[in-house]
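Welcome to this guided tour. Open your viewer, switch to a cartoon view, and follow the stops below in order.

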Amino acid sequence: DDAGGKAQRAFLHSEAHMRVHLFEVFCRRLHIPVTDYLTTNGTVPYEKLKTAFTILFALPGMPTIYYGDEIGLAGAGDPDNRRAMPWSGVSAIQESVRAHVAALAAARRANPGLARGTLQQVWIENDLLVLERRWTDDAAGVHRAYLAINRGAAARSIAPQVAAANGTAFTDAVGSGSATVSGGSLVIDVPAYGSALYLPAP
């Protein structure tokens, strides 16, 4: 009907649609598995899943997780696409996915501005992308964060030119990295098949 058509058109031009589209594109480029591939190909699929979660939590809007996603719950075709939630006996790599999601949730709570603001590309290669997130608030003015995505098999260290002021310190919300802007550049370390989310240091 006409009302339904208007609602659909409004969604297609909304930030929510942009978020969904970006997340889908990133996941396709990362080759995120959606079947039993998770349980038969070692730890790499779980590392890619962590990267997908980093993207989800770093983009504007509200991240949504369906049960089991936080541990990489495996499945196959319908009706096996969503198995019962295992409340115990999960593997170490599944626990690492849960810890990754918990760290991202904590980062969102500490940086509510991630829910809004802008995206700016500051580095791109075939297997590596760095986006600048920028938002403002009344108390402290402009804030910036840097999302790095590495779909390659080797860890990387890069130094993109950034808009943050020299002397601004950042820490990685999902890793151990930290860096300070110097000469207009920020050194960002990204693990293989992984991601980094450099947020303003507290």
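Start with the whole chain in view: it has 5 helices and 8 strands. Here helices (H or I, at least four residues) and strands (E, at least two) are DSSP runs, numbered from the N terminus. Colour the chain along its sequence, and you can follow the pattern α-α-α-α-α-β-β-β-β-β-β-β-β.

Before zooming in, a word on what you are looking at. This is a predicted model, in which local features need pLDDT of at least 70 and side-chain atom pairs count only at pLDDT 80 or more, while totals for chains, interfaces and linings use all residues. Residues are numbered from 1 along each chain as its sequence is written, and side-chain values use heavy atoms, with hydrogens and water left out.

Of the 202 residues of the chain, 39% count as buried. Buried means under 20% relative accessible area, exposed over 50%, and partly exposed in between (1.4 Å probe, protein chains only). Contact means heavy atoms within 4.5 Å. Among the contacts with a separation of 6 or more, 56% are between residues 24 or more positions apart.

**Stop 1: the largest core**

Select Phe53, Phe57, Leu147, Leu197 and Leu199. These are the residues with the most contacts inside the largest nonpolar core, which has 22 residues. A nonpolar core is a set of buried Ala, Val, Leu, Ile, Met, Phe, Trp, Tyr and Cys residues joined through side-chain atoms within 4.5 Å. Two or more residues of this core come from each of α4 (44-58), α5 (92-110), β2 (128-137), β3 (141-150) and β8 (195-200). Which element gives the largest share? That is α4, with 7 residues. In soluble globular proteins, nonpolar side chains tend to be buried together.

Now centre on Leu197. Beyond residues up to four places away in sequence, Leu197 touches Thr54, Ala58, Leu104, Tyr146, Leu147, Thr171, Asp172, Ala173 and Val174. There is also a second, separate core of 15 residues, including Val162, Ala179, Ile188 and Val190.

**Stop 2: two helices**

Select α4. This helix is mostly covered, with 13 of its 15 residues buried. Its end C-alpha atoms are 21 Å apart, which agrees with the 21 Å that its 15 residues should span at 1.5 Å a residue. The expected span of a helix is 1.5 Å times one less than its number of residues.

Next, select α5. This helix has 19 residues and reaches 27 Å from its first C-alpha to its last, close to the 27 Å expected. Show the side chains of its buried residues: Ile93, Gln94, Val97, His100, Val101, Leu104, Ala107 and Arg108. Look down the axis of α5: the buried residues fall within an arc of 135°, so they line one face of the helix. The arc is that of the directions from the helix axis to the C-beta atoms. These buried residues pack against α4 and β8. On the face turned away from them, α5 carries the exposed residues Ala92, Arg109 and Ala110.

**Stop 3: strand β5 and its partners**

Select residues 169-172, which make up β5. Phe170 and Asp172 are on its covered face, Ala169 and Thr171 on its uncovered one. In a regular strand the side chains alternate between the two faces of the sheet.

Add β6 (residues 178-180), which runs antiparallel to β5 and is joined to it by 3 bridges. Two strands pair if DSSP finds at least two bridges between them. β5 and β6 form a hairpin with 5 residues between them, and Phe170 has Ala179 as its bridge partner in β6. Then add β8, which pairs with β5 in the antiparallel sense over 3 bridges. Here Asp172 has Tyr198 as its bridge partner.

**Stop 4: aromatic rings**

How many aromatic pairs does the structure hold? There are 2 aromatic pairs. Rings of Phe, Tyr and Trp (its six-membered ring) pair if their centres lie within 6.5 Å; planes under 30 degrees apart count as stacked, over 60 as edge-to-face and the rest as tilted. Tyr66 and Tyr67 form a tilted pair, 5.1 Å centre to centre with 50° between the planes. The rings of Tyr146 and Phe170 have their centres 5.4 Å apart and their planes at 75°, so this pair is edge-to-face. The pair links distant parts of the chain, with Tyr146 in β3 and Phe170 in β5, 24 residues apart. Tyr146 is buried at 0% relative accessibility, and Phe170 is buried at 2%.
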